[in-house]
Amino acid sequence: METSSAIPTHDASEQSGIWSWITTVDHKRIGILYLYTALFYLLVGGLEALLIRTQLAKPNLSVVSAETYNQLFTMHGTTMVFLVVMPLSAAFFNYLIPLQIGARDVAFPRLNAFSYWVYALGGLFITLPIFFGIAPNGGWFGYAPLSGPTFGGGFNMDFWVLGLQILGISSLAAAFNFITTIINLRAPGMTLMRMPMFTWMSFVVQFLVVLAFPVITAALFFLQFDRFFGTNFYEVQAGGDPLLWQHLFWVFGHPEVYILILPAFGLVSEVLPTHSRKPLFGYNVMAYSGIMIGFLGFGVWAHHMFAVGMGPVADSIFSVATMLIGLPTGVKIFNWIATMYGGSLRFPVSMKFAIGLIAMFTIGGISGVMHSSPPSDLQQTDTYFIVAHFHYVLYGGAMMGIFAGIYHYFPKITGRFMSERLGNWQFWLNFIGLNLTFFPMHFSGMLGMPRRIYTYDAGQGWDLFNLMSTAGTYLLLVAGLIFAYNFFKSRVSGAPASSDPWGAPTLEWSIPSPPPDYNFAQIPEVTSRYPMWDLKAPDRTAGIEHSHADAADIADAHAAPMHEETERRTAKELGIPMPFNTIKPFLVALGIVVMFSGMIVLHMGKFPLAMATMLGGGVFMVASLYAWLTSPLE
Amino acid sequence: MSIDRAHADHTHEHPTWKQYKWVALWLFLITIVEVWAYYIPAFVASPAFKPALLLMSAIKFAVVVMYYMHLKFDHPLFRKLFIGPMIIAGATLIAFLFLFGNVRIG
Amino acid sequence: MATAAGAHEAHEHTHYTTTGLDNRKIAIWAFIGSECMLFGSLISTYLVYKGRSVVGPLPHEAWTSPAGEVFKPILNIPVTSASTFVLLMSSLFMVLALAAVENKGKAGYEGLLGSSKFWLLATAIAGAIFLAFQAYEFTSFVHEGLTIRTNLFGTTFFTLTGFHGTHVAVGVLWLMSLFFIDLKRGLEPRDAILVDLCALYWHFVDVVWIVIFTLVYLIQ
């Protein structure tokens with residue numbers, strides 16, 4: 001791979017210091033904030049998993065109590081879904097979408113900062129209680145009535161209900177922002193069917209967020225009202241039906257699965273063509289299958305609930321829909337393989353992770369199709385078989401894809417390479433560790449080991465499999481530590497990278513690494529799906545129909561011809577107006593979190609203090625919001 | 001692509017004052033018929049009652065969205081952004097009515 | 001709220017956009033799409049629990065408690081029909097306010113009936129009257145023995161209509177903010193987008209009520 005000798009130099013005008021990070025509205029800096037915060041929570045969630053696995057290493061251990069165990073598995077799930085994988089995806093949305101579509105920032109830069117701060121503060125809100133032994137303990141799915149006032153009366157599930165409400169605000173605000181950005185800020189000539197596949201998958205994900213999160217918001221409000229105001233939504237003695245919670249939760253929860261996996265699909269769809277030095281196979285079908293997955297994702301939720309007895313008609317419909325959704329997913333797998341077929345392959349760490357995703361996700365996908373059949377699912381539901389399935393999908397799939405993305409984009413973000421040697425160690429330890437952890441769970445599950453139990457008796461045939469799983473988890477810890485070391489060391493002393501270190505085809509590689517704050521000195525005119533290859537390796541794209549170039553697209557007055565930018569000047573020199581840094585989005589986010597904290601005070605029985613907190617937080621939020629809306633962006 | 005510049009010139013065709021008032025009159029009249037129907041016990045008991053009320057409600061809904069929210073005159077992108085979620089919300093609602101036995105097959 | 005925030009991001013100068021449309025308008029339509037799902041969930045819940053209350057008072061039927069106390073059907077159709085009418089009219093005021101801003105200074109938009117200030121204030125007042133009706137309805141229900149805790153009907157009714165009422169309240173605040181901007185510096189045709197965003201939100205809240213009025217109040 002090509003490396004330039006020039007060490008990246010930062011503009012003298014570039015801001016630094018903590019204040020500049022709290023007030024930043026630059027999508028790249030916000031992306032970096034997301035990345036660091038989510039990696040921190042990855043450590044938290046990973047340590048929770050480590051404790052869970054240590055407790056289960058052998059029969060009848062008492063490393064942690066049953067109550068602590070409940071908190072650990074609840075927080076492991078909640079942390080990994082809402083505080084790790086979604087925000088890691090958000091880190092890439094933030095960093096990459098504007099660069100990939102040729103924009104200077106997102107549509108609403110301050111709303112973007114707001115999304116981050118709501119996430120960061122909401123994450124603290126939901127994470128801190130574990131240090132006081134009052135963390136959520138009703139599972140990441142929060143099934144009523146366990147999460148309701150009768151059976152979950154402590155503070156524990158309060159933090160979960162309120163915390164998820166807060167995090168939902170962050171995701172929704174970000175989704176409106178990215179939908180607008182992708183629709184409206186594409187460079188001239190960047191038609192939808194020329195967008196890089198990562199941007200395509202992100203686009204689909206934003207719609208899933210916009211449509212799925214309101215449903216969990218409603219369900220959480222019901223639970224919140226049951227807990228705080230004595231309503232009857234999930235109260236059986238008043239005629240309420242706990243299944244309502246399950247249905248609403250999974251109407252959200254199943255699209256959420258695709259919210260977690262599609263960005264990783266997008267990332268490997270960037271990595272694989274780059275290192276195969278060959279265009280993505282079946283681009284159109286890849287885009288359409290992403291849309292199909294998103295659309296069908298709203299019609300399969302009840303396959304999480306076959307065990308509740310919905311009757312043969314509902315079971316059949318959801319079973320067939322679930323089998324159907326395997327098709328567009330399978331199409332993606334085959335297209336990735338076909339992308340590599342006949343390519344001139346290179347195997348840097350990012351490529352290894354991308355191929356790892358294909359293999360591991362296929363295993364998780366196949367066990368997923370097994371569950372789509374209700375009779376088969378009844379044998380597997382609530383056993384470790386399910387745990388094995390979704391960890392292959394989410395760890396083997398989503399996390400491997402994200403690691404591929406980190407290794408691939410690290411040179412763009414920092415101007416330096418991550419160490420390939422350490423990366424290889426991480427990849428192989430990770431690969432072995434993940435299979436050692438999760439593959440035996442298929443067996444312990446089929447032998448009947450239920451999920452969520454804090455210990456078990458010897459002699460049921462589960463002992464060896466559990467010990468293997470625990471050993472694998474420690475390997476994953478070692479792999480994680482190597483990654484952390486590699487990440488922080490390479491940031492400071494990695495080999496310098498040029499603007500296009502991998503010879504990749506898309507727009508983000510046409511500007512310096514790290515990109516200047518304005519991204520593109522001149523917005524390029526896009527005439528192809530692989531503009532950088534058209535410039536540098538036209539033979540790769542010659543035979544392939546990959547663009548809809550027509551006369552109307554060419555020579556837009558707003559754009560410069562496609563080119564590679566190497567010069568680094570300040571926005572001021574170029575006369576590009578930049579948004580002002582501002583603290584206001586942070587203040588609005590703070591007001592929201594204070595307002596929600598008032599509900600916890602209410603549960604303590606301190607009514608006046610609770611009202612004061614909620615009103616104070618609410619007024620502070622509204623005042624900050626008005627200050628934000630009445631001050632100019634740039 | 002259909003969501004690009006081609007349709008930008010559509011954005012400023014709004015309905016006129018006169019249309020607005022006609023729309024308001026229709027909304028008013030349909031509401032009167034709805035409430036009136038509520039007070040005819042024989043009609044309430046008939047199988048036509050629910051469909052008739054749902055239809056009137058749907059007409060009011062469509063009229064407000066098309067004229068007052070000028071979706072009929074605006075960029076087709078907005079139509080997609082609204083109708084897509086409406087379809088998913090409607091389908092989910094209907095699925096819930098079946099799943100909870102409020103509506104049964106056969 | 002989040003979108004209201006995004007919606008006001010001041011992209012005043014003519015930045016290049018792919019579609020030529022205003023960013024804020026795309027965002028608010030995405031937001032309205034999202035709201036469809038929120039109200040879809042609330043309405044689904046109301047319908048799923050319809051007729052499942054184990055005690056009264058009930059919406060359309062009389063109910064006798066085990067102690068022999070008789071409760072009349074609780075919904076007050078005449079009062080709610082009046083508030084529905086007010087909300088429908090507020091939508092007319094809203095489009096007239098938008099037309100007044102878009103056509104400021106043109107022939108036919110002179111005087112009070114061509115004044116955006118007048119129509120913005122009229123819309124906000126109509127919204128406030130609707131809220132007053134709702135406050136009256138809620139308090140009279142509580143006096144008649146129906147609270148959010150009483151039964152499933154109370155739980156789902158107060159939640160659904162309460163969420164709608166909260167949306168109306170936010171809309172009234174938004175309208176009043178626009179009204180004060182109009183008073184302070186006057187809204188010009190180039191500010192029409194600001195009113196348009198609020199109008200789209202306001203009409204959406206109105207169509208939600210059209211659905212609620214039929215499903216909750218009229219269909220028995």
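How are H9(A) and H10(A) oriented relative to each other: roughly parallel or roughly antiparallel? In this predicted model, the axes of helix H9 (residues 312–340) of chain A and helix H10 (residues 349–371) of chain A come within 11 Å and cross at roughly 160°. Angles over 145 degrees count as roughly antiparallel, and H9(A) and H10(A) are therefore roughly antiparallel to each other.

**The helix pair in chain A**

Two packed helices are described by the angle between their axes and the distance between the axes. Beyond the angle and the distance, the pair also has a handedness, for H9(A) passes H10(A) in a left-handed crossing. On the side of H9(A), the residues that take part in the contact are Met323(A), Gly326(A), Thr329(A), Ile333(A), Trp336(A) and Ile337(A), and they meet Ile358(A), Thr362(A), Gly365(A) and Val369(A) of H10(A). When the residues of this contact are sorted by character, six are nonpolar and four are polar, while no charged residue takes part.

**Chains B and C**

The table sets out some values for chain B and for chain C.

| Chain | Residues | Secondary structure | Buried | Share of contacts (separation of 6 or more) joining residues 24 or more apart |
|---|---|---|---|---|
| Chain B | 106 residues | four helices, zero strands | 30% | 64% |
| Chain C | 220 residues | six helices, two strands | 55% | 73% |

Following the chain from its beginning, the reader will find the pattern α-α-α-α in chain B, whereas in chain C the pattern reads α-α-β-β-α-α-α-α. The C-alpha trace of chain C spans about 70 × 40 × 25 Å along its principal axes.

**Where the chains touch chain A**

The contact between chain C and chain A takes 35 residues from chain C and 39 residues from chain A. On the side of chain C, the elements that give two or more residues are helix H1 (2–7), helix H2 (23–48) and helix H5 (152–185) of chain C, and the largest share, 13 residues, comes from H2(C). In character, this side of chain C divides into 16 nonpolar, 16 polar and three charged residues.

Chain B also touches chain A, with 10 residues of chain B in contact with 11 residues of chain A. Here the side that belongs to chain B is made up of eight nonpolar residues, one polar residue and one charged residue.

Technical notes. Residues are numbered from 1 along each chain as its sequence is written. Chains are lettered from A and ligands numbered from 1 in the order in which they are written. This is a predicted model: local features need pLDDT of at least 70, side-chain atom pairs count only at pLDDT 80 or more; totals for chains, interfaces and linings use all residues. A residue is buried if 20 or more other C-beta atoms lie within 10 Å of its own, exposed if 12 or fewer, and partly exposed in between; C-beta atoms are placed from the backbone. Two residues are in contact if their C-beta atoms, placed from the backbone, lie within 7 Å. Ala, Val, Leu, Ile, Met, Phe, Trp, Tyr, Cys and Pro count as nonpolar, Asp, Glu, Lys and Arg as charged, and the others, Gly among them, as polar. Axes are lines fitted to C-alpha atoms, for helices over the stretch in contact, and angles run from 0 to 180 degrees between N-to-C directions. Angles under 35 degrees count as roughly parallel, over 145 as roughly antiparallel, 65 to 115 as roughly perpendicular and the rest as oblique. A crossing is left-handed if the near helix is turned anticlockwise from the far one by less than a right angle, and right-handed if clockwise.
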